[in-house]
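Biologist: I'd love a close look at a single part of this structure. Please pick a few side chains and tell me where each one sits and whether it is buried or exposed.

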Amino acid sequence: MHRDIKPDNYVKVGNDFKLIDFGLVKKNQESKTVAVGSKFYQAPELIENGVPTLATDVWSLGCLFYEIFTGLSIY
């Protein structure tokens, strides 16, 4: 899990976009800190119970796609 997907963590290389900033990436659930990343892109369940899952990254990615497709910022 990346745990901090947001527009600031992407760079354009040629015609491709690359995800960067892997400082919060963790492999197993036991070693994860809770409530990390940018609040504007955090899933509601992460804010409520503080336990990150793969689904919380999908939520953040959805927020990012919203901004890309609409041109509007979520914050």
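Modeller: Happy to! First, a word on naming: helices and strands here are DSSP runs, with at least four residues for a helix (H or I) and at least two for a strand (E), and they are numbered from the N terminus. Please keep in mind that this is a predicted model.

By that naming, Asp4 belongs to the segment before strand 1. Asp4 has a relative accessible area of 9%, so this residue counts as buried, the cut-off being under 20%. Along the sequence, Asp4 and Asp21 are separated by 17 residues, while in space their C-alpha atoms are 8.2 Å apart.

Moving on to strand 1, which covers residues 10-13, you will find Val11 there. Val11 is partly exposed because its relative accessible area, 34%, falls between the limits of 20% and 50%. Together with Val13 and Ile20, Val11 makes up a nonpolar patch on the surface, and the accessible area of these residues together is about 200 Å².

Now turn to Ser60, which has its place in helix 2, residues 54-70. With a relative accessible area of 7%, Ser60 is buried. What does Ser60 touch, leaving aside residues up to four places away in sequence? Its contacts are Ile5 and Tyr41. A polar atom of the Ser60 side chain also lies 3.2 Å from the backbone oxygen of Thr56, and this counts as a polar contact because the limit is 3.5 Å.

Terms used
Residues numbered from 1 in each chain as written. Predicted model: local features only at pLDDT ≥ 70, side-chain atom pairs only at ≥ 80, totals over all residues. Heavy atoms only, no water. Patch = residues over 30% accessible without salt bridge, like charges linked within 9 Å, V, L, I, M, F, W, Y side chains within 5 Å. Areas by Shrake-Rupley, 256 points an atom, 1.4 Å probe, with all protein chains shown as cover. Salt bridge = Lys/Arg side-chain N within 4 Å of Asp/Glu carboxyl O. Buried < 20%, exposed > 50% of the residue type's maximum accessible area, 1.4 Å probe, protein only. Polar contact = N/O pair within 3.5 Å; in protein donor to acceptor, adjacent residues only side chain to side chain. Contact = heavy atoms within 4.5 Å.
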